[in-house]
Every structure is written in C-alpha cells, then in structure tokens.
Amino acid sequence: MTTVFGVPLPAILGQLMLGLVNGSFYALLSLGLAVIFGLLGVVNFAHGAFYMLGAFAAYVGLESLGINYWWALLLAPLAVGLFGILIERLLLRHLYQVDPVYGLLLTFGIALIAEGVMRSQFGASGKSYPVPPLLQGGLNLGFMVLPVYRAWVIVASIAVCAVTWFLIERTRLGARLRAATENAKLVQAFGINVPVLVMCTYGAGVALAALAGVLAAPVVQVSPLMGSSLVIVVFAVVVIGGMGSIIGAIVSGLVLGLIEGLTKVIYPEASNVVVFVIMAIVLIWRPAGLFGKEQ
Amino acid sequence: MRAQVAVYVVLAALALIAPFLGLYPVFLMKLLCFAMFACAFNLLLGFTKMLSFGHAAYFGAAAYVTGWLVTAQGWNTLEGILGGVAVSMLLGLVIGAIAVRRQGIYFAMITLALAQVVFFICLQAEFTGGENGLQGIPRGSLLGFIKLGSDRTMYYFVLTVFVAVYALIVRIVHSPFGQVLKAIRANEPRAVSLGYKVDRYKLMAFVLSASLSGLAGSLKALVLGFATLSDVSQGNSGEVILMTLLGGSGTFLGPVIGANVVVTLQEYLSDLVGAWVSVIIGAIFVVCVLLFRRGFVGEVLRRFERRGG
C-alpha cells in the first residue's frame, strides 16, 4: 500500500476530505463575517451562535414539525436570518456611531444568551440529525470511498460561496453594497436606502451562518456549544484572509480546513492550534492578512 | 477629593472586618482575586483602550503553573506564586508582541485566538490534569512560619496582595509612563508623532496587565485549592471584560465593584437557575453596552463632575 509520512494514502485522503468539509464550513462562516464586517464594521461574535441556531432549527423542524432536510436548507436560514434582522434593528443599530469594539461585545452577549437558552431547553449533550436518504451511502473511487453527504457539503458550500462572490462583485446590488462600504454617506445622498441595505446585509450574513449550520447538522453533533469554539477559529481564518476581503475569506477558509486535516495525519496533537499558529505567522509577516490591503 | 477619601476609608474598614461579619472567607477571597484580575485587565482596557479578549490565558496559566509547582514540584507558596507570575509574564510578552501590531477589533480577535492556543495546550498537556484539572493544591506557608491553611490568615494575605496591586496600578497610571498610555488612548497617531515608541509602551502595558492577571490566577488556585479548564476558557475572558465594563472601565474602583457584582451573581444564581446564568450574564452584557458604557462608577463620577462644573 502507498504510504506518505508512514501513513497509508487512503487515510490521508480521508483526513484531507474531512478537512475540506470543515474548510467548507469555515469558508461559509468567514464569508458572512467578512460581508458583515465590510459594511457594518461589526465583528459578529454571535456568528457561531447563529450557526448553532441554524442546526437546531433543522433539528427541531425535523423532530416536531416533520420538515425534511431540503426544506430545512431553505427555511432555517430564512428564520435565523429574520432573527438576525430583528437584532440589527433593535440592538446593533444603536452602536454604529461608537467604537467598533462595542459591537463585538454586544454580539458576544447575544451569543451567551442564545447558547444559554438553548442549553436550558435541550441540555448540553449533542443530538444527531440523520443524513437525508438521497445523500446516504458512499462512492467508491477505487483508491478511497467518498461518503456522498460529505461530497455534497463541499460542492454546495463552494457553490454558495461562488454565488455570493458573484452577487457582491459582479451585480448592481453588489456594486451598491461595495460603494456603501467605501462611503455610506455619499451613497445615501445618491438616493440609496443605506439603513435597509445594512439590515439586509446583516440578515444575509446571518443566514449564511445558519445555512452552514444546517449543512453541518448531519455530520456533527447538534449541540448548544457547537458554535462557540468554531467562531474563534473562523475569526482566525478571517484575520489570515484579511478582514473584509470576500475572496480572502473563501480561499483561506478552504485552505485552512485542508491544512488542519493534514495536521491531523502528521501531528494530531497540533490540529486544534494549527490555524492559530498560522495566524500568528501571517500577522508577523503580513499584518493586513494575505488578501487584505494595507491601510 | 474628600468624598473619595471617605469612600476608600469605608471600603478599607469593610475589607478588614469582613471575615468577622459572618461572610464566608473563601468567597471573600474569591471576590478579591477576581477584583484583582479585573483591575489588571482595566490597566489595558481602561487606561490604554486595548480590548484583550484572551486574558483568561494569563490568569489560568498562572493558576495551573502555581498549582503544579507547589503540588508536584514541592516548591513553597511564594516560589509557586512567583513561578506562575513569571509564566504569565512570558506569555504576555510573546502574545503581546504579536497582538500590538494591530489595533481595535483586530487586537481583540488576535488575543482571543492566541488565548485559545493556551487553552488547548492546557487541555492536552500532562501537568494540567486535562479535563479534571489540578485538585488539592496546598496553601502552604509564608516564609516558613505564617501558616496559610487557616481561612482568616489566608484572607489577610490575599487582602494585602490586593491592596499592593491596587496601589501599584494607581501608581502606574499616575506615573509618566501612565500618562503616555493615556495619550495613546486619546490619540495614537499624535502620540506617535510626538516621538513616543507607541508599540513599546503598549507591549509594556500588556505585559504588566498579563503579569498581574497571573498573580490573581495564582492566588485563586491557592485559595480554592484547584485550577481547572474554566480558568483558561474563553468564558472567563468574557467575564473579566464584563466586570470591568459594568463597574466602569478607566476608573480605579469600577473593576472592583464590577467583579464583586458578577462573582456574587454567579455564586448565588448558579444554584437557583442553572444554565440561565449565562443568559443573565449575556443580558447584562447587552444592557451594559447599549445603555451605560461608562459603567457604575463612570456614571457616578460624571454626575459629580456635572454638579461641580
């Protein structure tokens, strides 16, 4: 059997694939974070909590309302996104004029509230969500077996990232959004309703996090704390990619997932910290991040 | 000024007689340790306007190191404390050197991410006892003859250290060094243009804050006799922010009051409401950020100034 670093090749490929699945979640989450940061200047600490709420929305939908996976993929991001819009309208809006760290602190508080409420309702233990019938089983590629669901997660995430990138970089709506990021006052003077744009952007970013949560539900345990450590990794991913950079968020999300998977094969003890170590190195070498612009 | 002296006299008297008022001494010591932690944190947030989101790393690392030194290595209490503080100082130097390269929210995110590295090291290393943490850390004695096993003796020891740290922080803030920190807080580019090596001042403040947080962590490990993962966790980093913000960042007494409120709430609520504690903490965060960003003491001071002016 072929081995690399003394590890059989299929094991490495398996870990790389798992890494790519994680990388897909990182990409979806850091994309939303980057879009929100770009327009609102808010680092959304509640992003992990919205990811968790998305997964729970799918779980509760299936358990008590009989909503299947495919509908959950549509409805959970919609519901959580609306919840996000509510938070933006009621709370976040009041902080645009003050130091951006207050936005970080507010969303941290919201994350604590969301996690606490879910924990008191569902307990701390993880719930399992079944893989939808259409995506069960595996594809035998000859050198390894590829579980269909994982392949779907990777393809779906990359597709969603690509569509989001296209919307922001290549459409009129995206152009307005980018213009508002540069100079909100001027764009408002041109007759574009910036507050509504901001509200929808926050909702969309939150919906992306919830979508990641639904995609993740069948491969991870659905638990109230599933987002709290993930969000820190995603922060590091965004810092590495360069804050506010859309393409940076997507690429570094996927690549860092792969690197993390590779580390699990070579030196498993370091797999939890490798992203943070890379972040430190990137910061020393390029303080603005790989795709970020020096200010 | 006279009011200020009166407040301090009353507080000092209260602190001295507290163990005789029927309050549980271990709880009082826990309050003092977290108040010290919040004061150390405030040196950074309040007086230099740097929001570190990973201060639990220094608090927790020192708690573990002190616990390990006095339990497994047989060091005496004072050596154990110094060892713990030295480790947080070193951690502060390394993490600070990376983090001070960026400002504002970037700084917050970087300190958070690097603190997570410390968390995982504590989770995986042998000497920390993994998920169980370190248990049964002995308090030992001071200079060989003051036995700290008695809660009352330990209380006065912790109180002495707390007062010393508090005085040191007041002294630092009023020193020329502290004035430069305040200048950086007010307008960083201007401080740069005046010729100050701003990054060095910020790193110095960071290392000081990390070391004093470590001292608080070491004492906490000795007081309670254990060091666990929750000491180094993200939750603890969040709580110290809340304590400082709630009491009033940039004021001397604010963090002390904030720490007392938060620790007391946790102590009494965790039995009553269980998982809802984090909901309540989160709600206080939201209210604090939206409605009184100056904190208790900050608001009171503002009223006084208005009346005076």
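With 23 C-beta neighbours inside 10 Å, B:Leu69 counts as buried, and this residue makes a convenient entry point into the predicted model described here. B:Leu69 belongs to helix 3 of chain B, which covers residues 56-71. Beyond its neighbours within four places in sequence, B:Leu69 is in contact with B:Trp75, B:Glu79, B:Gly80 and B:Gly83. B:Ala97, by comparison, is 28 residues away from B:Leu69 along the chain, and 27 Å separate the two C-alpha atoms.

Moving back along chain B, the loop between helix 2 and helix 3 holds B:Lys49. This lysine is not a glycine, yet its phi is positive, at about 60 degrees. B:Lys49 has 21 other C-beta atoms within 10 Å and is therefore buried, the cut-off being 20 or more. The residue follows helix 2 of chain B, a helix of 24 residues spanning positions 25-48. From its first C-alpha to its last, helix 2 of chain B reaches 34 Å, close to the 34 Å expected at 1.5 Å a residue. Helix 2 of chain B nevertheless carries a kink of about 40 degrees, centred on B:Asn42. Because 21 of its 24 residues are buried, helix 2 of chain B is largely enclosed by the rest of the structure.

Helix 9 of chain B invites a similar reading. Its 27 residues should span 39 Å at 1.5 Å a residue, which agrees with the 39 Å between its end C-alpha atoms. Of those 27 residues, 20 are buried, so helix 9 of chain B is largely enclosed by the rest of the structure. Just after this helix comes B:Gly225, with a positive phi of about 80 degrees. Helix 9 (residues 198-224) of chain B also packs with helix 6 (residues 151-174) of chain B: the two axes come within 11 Å and cross at roughly 170 degrees. That angle makes the two helices roughly antiparallel, since values over 145 degrees count as such. On the helix 6 side, the residues that meet helix 9 of chain B are B:Met154, B:Val158, B:Val161, B:Val165 and B:Ile172. Their partners in helix 9 of chain B are B:Leu208, B:Leu212, B:Leu215, B:Leu219 and B:Val223.

Further along chain B, helix 12 (residues 254-273) contains B:Ser270. With 13 other C-beta atoms within 10 Å, B:Ser270 is partly exposed. The C-alpha atoms of B:Ser270 and B:Ile280 are separated by 11 Å, the residues being 10 apart along the chain. Helix 11 and helix 13 of chain B pack against each other at an angle of about 40 degrees, their axes 10 Å apart. That makes helix 11 of chain B oblique to helix 13 of chain B, and the crossing is left-handed. Here B:Leu242, B:Leu245 and B:Leu246 of helix 11 meet B:Ile281, B:Ile284, B:Phe285 and B:Cys288 of helix 13.

The contact between the two chains takes 33 residues from chain B and 33 residues from chain A. On the side of chain B that touches chain A, the elements giving two or more residues are helix 5 (104-124), helix 11 (234-247) and helix 13 (276-291) of chain B. Helix 5 of chain B supplies the largest share of that side, 13 residues.

Within chain A, helix 1 (residues 9-40) and helix 9 (residues 230-241) have axes that come within 9 Å and cross at roughly 70 degrees. The two helices are therefore roughly perpendicular to each other, and helix 1 of chain A passes helix 9 of chain A in a right-handed crossing. Helix 1 of chain A makes this contact through A:Tyr26, A:Leu29, A:Ser30, A:Leu33 and A:Ala34, while helix 9 of chain A contributes A:Val233, A:Val234, A:Val237, A:Val238 and A:Gly241.

One more residue of chain A rounds off the picture. A:Glu260 lies in helix 10 of chain A, residues 246-266. This glutamate is buried, having 25 other C-beta atoms within 10 Å. Not counting residues up to four places away in sequence, A:Glu260 touches A:Gly19, A:Asn22, A:Ser271, A:Val274 and A:Val275. A:Glu260 and A:Leu18 are 242 residues apart in sequence, yet their C-alpha atoms are 9.3 Å apart in space.

Notes. Residues are numbered from 1 along each chain as its sequence is written. Chains are lettered from A and ligands numbered from 1 in the order in which they are written. This is a predicted model: local features need pLDDT of at least 70, side-chain atom pairs count only at pLDDT 80 or more; totals for chains, interfaces and linings use all residues. Helices (H or I, at least four residues) and strands (E, at least two) are DSSP runs, numbered from the N terminus. The expected span of a helix is 1.5 Å times one less than its number of residues. The bend at a residue is the angle between axes fitted to the seven residues ending there and the seven starting there. A residue is buried if 20 or more other C-beta atoms lie within 10 Å of its own, exposed if 12 or fewer, and partly exposed in between; C-beta atoms are placed from the backbone. Axes are lines fitted to C-alpha atoms, for helices over the stretch in contact, and angles run from 0 to 180 degrees between N-to-C directions. Angles under 35 degrees count as roughly parallel, over 145 as roughly antiparallel, 65 to 115 as roughly perpendicular and the rest as oblique. A crossing is left-handed if the near helix is turned anticlockwise from the far one by less than a right angle, and right-handed if clockwise. Two residues are in contact if their C-beta atoms, placed from the backbone, lie within 7 Å.
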